[in-house]
Amino acid sequence: MIPITDPKSQLEPIMDDIVREVEHVLRSGRYILGPYVKRLEEKMAERLQVTDVIAVGNGTDALVLTLDAFGIGPGDEVITTPFTFFATAEAISRVGATPVFVDVEQTTGNIHPSNIEEAITSATKAILPVHLFGLPANMDAIQKIADDYELFVIEDACQAFGATYKGKEVGGLGDAACFSFFPTKNLSTVGDGGMIATSNPEVAEKIRSLRAHGSVQKYYHEDIGYNSRLDELHAAILLECLQYIDEWNQRRMDAAHRYMKQLEDVPWIGLPETTGEAEHVYHLFCIQSKDRTELMRRLEKDGIQTGVYYPCCLHEQKAYAHLGHKRGDFPVAESLSESMLAIPLYPMLSKEDQDYVIETIQKYEEDTQWFA
Ligand SMILES: *Cc1c(COP(=O)(O)O)cnc(C)c1O
């Protein structure tokens, strides 16, 4: 079976270095908020061209702590996309605010800027775009609306480490950005991890305090906070991986471009689109098919793993029944949730395996019964 993703394969060539760093942490006796976390935060801030990076326990916490640090809570609304991983909206709800969904772009699956303005009310505090599957959202249009209405822009960059928008890396495009280092993300560790990037010093200080029980000086607490810190072990592993992330992203892009070239003549599937301004780092390579169920069944039978991202939009989740949405509220997101299918793509995907995926999909075309 060719998997859709394979995090271990990219660690294999650098395993000795990782083991050495892990051993170094183990022998150091310093396990929480030590020198590795500090170095990771400094390196990230330099790379993303922000003043502050704060490493936390996971990407979901990164979102929660950021919303909290901006003072967003009960009675507030945050505009976001219904076509994303649940954590995006969950974080908004977790701080007591209400997620307000707006429909997405048909071509990219990202939040559609022209739907944002009509969703703004006096309670709106922020816009939370997601750089879906590794493709930056239309940040200029989003920022323009945010400026006009004095809203914060918080990037959910969990799927898009290293992606650029008009030549600038995601993470430094809004008021703050949240990342996840979950094992399948482009830059990842072997467990949970996350971080926030911001150039707002007050927000940065607040998040630093919130991640450690709302405390700046130990045992004195200004806020009701959280316990959400990145471990030294994960920071050490991430520092190793950070040296290779651009190469890994390039491999993802090369593989994606091969798919695009080889599959462009297959009339019954839709391929991911980019905007020209945004560089896609292909966290996932999602095609669209009207008969997704049948395509999945065939690919799995032929030894190719597929994945559905996402089978149920957030406005249709049980957890959000209280928002009172119904089928048809966000038709584009709903149609994407029925047609999108991820096929294998990861940095170490071999040319042979990729060729097999391509040939298998092309071969289905000869099967006129299904194709018709
Ligand atoms: C993975 C992900 C998150 C959550 O990150 P965790 O580290 O798993 O908590 C949030 N938003 C998006 C878009 C994600 O893909």
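Thr60, Leu63, Val64 and Leu67 in helix 4 meet Ala87, Thr88, Glu90, Ala91, Ile92 and Arg94 in helix 5, where contact denotes heavy atoms within 4.5 Å. The residues of this contact comprise six nonpolar, two polar and two charged; Ala, Val, Leu, Ile, Met, Phe, Trp, Tyr, Cys and Pro count as nonpolar, Asp, Glu, Lys and Arg as charged, and the others, Gly among them, as polar. The structure is a predicted model, in which local features need pLDDT of at least 70 and side-chain atom pairs count only at pLDDT 80 or more, while totals for chains, interfaces and linings use all residues. Residues are numbered from 1 along each chain as its sequence is written, and side-chain values use heavy atoms, with hydrogens and water left out.

Helix 4 spans residues 59-69 and helix 5 residues 87-94; helices (H or I, at least four residues) and strands (E, at least two) are DSSP runs, numbered from the N terminus. The two helices pack at an angle of about 35°, and their axes are 9 Å apart. Axes are lines fitted to C-alpha atoms, for helices over the stretch in contact, with angles running from 0 to 180 degrees between N-to-C directions. The crossing of helix 4 with helix 5 is right-handed, that is, the near helix is turned clockwise from the far one by less than a right angle.

Leu336 is placed in helix 11 (residues 331-339). Because its relative accessibility is 0%, Leu336 counts as buried (under 20% relative accessible area, against over 50% for exposed and partly exposed in between; 1.4 Å probe, protein chains only). Apart from neighbours within four places in sequence, Leu336 is in contact with Phe83, Val104, Glu105, Gln106, Gly109, Gln288 and Arg292. Thr107 lies 229 residues from Leu336 in sequence, yet their C-alpha atoms are 9.5 Å apart in space.

Empty space was examined on a 1 Å grid over the protein atoms alone: a cavity is a set of points where a 1.4 Å probe fits but cannot get out, a pocket is an open set with protein on both sides within 12 Å along at least five of seven lines, and lining residues have an atom within 4 Å of a point. Grid points are joined across faces, edges and corners, and a volume is the space filled by probe spheres set on the points. The structure holds two cavities of 30 Å³ or more. The largest cavity, of about 90 Å³, is lined by Thr107, Thr108, Phe133, Pro272, Glu273, His280, Leu284, Cys286, Gln288 and Met340. This lining has five nonpolar, four polar and one charged residues. Gln288 thus appears both in the lining of the largest cavity and among the contacts of Leu336. The second largest cavity contains about 30 Å³ of space, and its lining includes Thr5, Pro183, Arg252 and Tyr346.

The largest pocket holds about 290 Å³ of space. Of its 14 lining residues, Ala212, His213, Ser215, Lys218 and Arg229 are the closest to its centre.

Several backbone features occur in loops. The peptide bond from Tyr309 to Tyr310 is cis, with omega near -5°, and Tyr310 lies in the loop between helix 10 (292-301) and helix 11. Gln49, although not a glycine, has a positive phi of about 55°; Gln49 is exposed, with a relative accessible area of 60%. Tyr282, also not a glycine, has a positive phi of about 50°, but is buried, with a relative accessible area of 2%.
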